[in-house]
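Thanks for making the time this morning. I would like to walk through one structure with you, going from side-chain pairs to a helix, a strand and the cysteines.

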Amino acid sequence: MYIIIAGGGKIGEYLANVLLQSGNDVAVIEENLQTADHLSIVLEGRYLVIHGDGCDSKYQEDAGIRKADVFVATTGQDDDNLVSCEIAQRVFNVPRCIARVNNPKNLRIFREVGIESVSSTTLIANLIEEETLLGSVSVASSLTHGNVTLAEVTVPRMRYHSNEAGILASSVPMPDDSLLVAVSTKDDVEVVNEDTVLYAGDKAIVIADTDVLDQVRALFKGL
């Protein structure tokens, strides 16, 4: 896939690295010259770094927006992310636009204009390659419904399981209308599979109906 990222800060750099390692072609638009220079040195693979404003259609065109499969806005400013995605979606007809939303209160605004959005930055790469998470079910599509929430739940020190051996993620009895999709550790983010083990201090990344989110949190406290 050809993916354009607006915003080359820590999140944009991390996302670009993940996508390049997966064999994708990536372009990054970054307004800060020093950051853009840094990216041009540290990234590896088939990439392009554009020094410019991701909200400007000129720089989006320079990045090859007309051939992009996905546009991702990862800056620290929600208004910039909204504008850049709107331009990519409505002016250049990019098939898929995903925005990082820094203030969860703004999620509704993004949803109302039809932009896929997520307030947890750890899952953006997985949203792009959604089949890794849920097969034929679109995670990003699910997240755009108002009654579904993406949440990170910290695994506490466990009372009923070994903290040294951990607990298999597949054995956690998740409530109906909830799904444990990934685990974030200090070093990595792992999509849950049959061998995934949860340890105290890990962050379980859960997609759940808002009505059962309290049950999910209580479940982890009772491990």
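Let me start with D62, which at 42% relative accessibility counts as partly exposed, and please keep in mind throughout that what we have here is a predicted model. The carboxylate of D62 is engaged in a salt bridge with K58, with 3.3 Å between the closest N and O atoms, and K58 is itself partly exposed, at 47% relative accessibility. Both residues belong to helix α3, which covers residues 57-62, and they sit four residues apart, about one turn of the helix.

Also in this part of the sequence, E61 forms a salt bridge with R66, and there the closest N and O atoms are 2.9 Å apart. E61 counts as partly exposed at 40% relative accessibility, whereas R66 is exposed, with a relative accessible area of 63%.

How many salt bridges does a search of the whole structure find? The search finds six, and one that I would like to single out is the pair of R46 and D25, whose side chains meet at 2.4 Å, N to O. R46 lies in the loop between α2 (33-42) and β3 (47-51), while D25 is in strand β2 (residues 25-30), so this pair ties together parts that are 21 residues apart in sequence. As for the surroundings of the two partners, R46 is exposed at 53% relative accessibility, and D25 is partly exposed, with a relative accessible area of 28%. In general terms, side chains of opposite charge can pair when their charged atoms come close.

Let me move on to helix α4, which has 14 residues and reaches 19 Å from its first C-alpha to its last, close to the 20 Å expected at 1.5 Å a residue. Which residues of α4 are buried? They are D78, N81, S84, C85, I87 and A88, and these buried residues pack against β1 (2-6), α3, β4 (70-73), β5 and α5 (107-112).

After α4 comes N93, placed in the loop between α4 (78-91) and β5 (96-100). Its phi is near 55 degrees, a positive value in a residue other than glycine. For context, most residues other than glycine have a negative phi. N93 is also exposed, with a relative accessible area of 57%.

One of those buried helix residues, C85, brings me to the cysteines. With a cut-off of 2.5 Å between cysteine sulfur atoms, the count comes to zero disulfides. C55 is in no disulfide, since the nearest cysteine sulfur, that of C85, is 9.2 Å away, and C55 is buried, with a relative accessible area of 18%. For C85, the closest cysteine sulfur is in C97, at 5.1 Å, which is too far for a bond; C85 is buried as well, with a relative accessible area of 0%.

Finally, a word on strand β9, residues 178-184, which is mostly covered, six of its seven residues being buried. Where does β9 find a partner? Six bridges join β9 to strand β12 (residues 203-209), and the two run antiparallel, with S178 standing opposite A208 in β12.

That is the tour I had planned, and I am happy to go back to any part of it.

Methods
Residues are numbered from 1 along each chain as its sequence is written. This is a predicted model: local features need pLDDT of at least 70, side-chain atom pairs count only at pLDDT 80 or more; totals for chains, interfaces and linings use all residues. Side-chain values use heavy atoms; hydrogens and water are left out. Buried means under 20% relative accessible area, exposed over 50%, partly exposed in between (1.4 Å probe, protein chains only). A salt bridge is a side-chain nitrogen of Lys or Arg within 4 Å of a carboxyl oxygen of Asp or Glu. Two strands pair if DSSP finds at least two bridges between them. The expected span of a helix is 1.5 Å times one less than its number of residues. Contact means heavy atoms within 4.5 Å.
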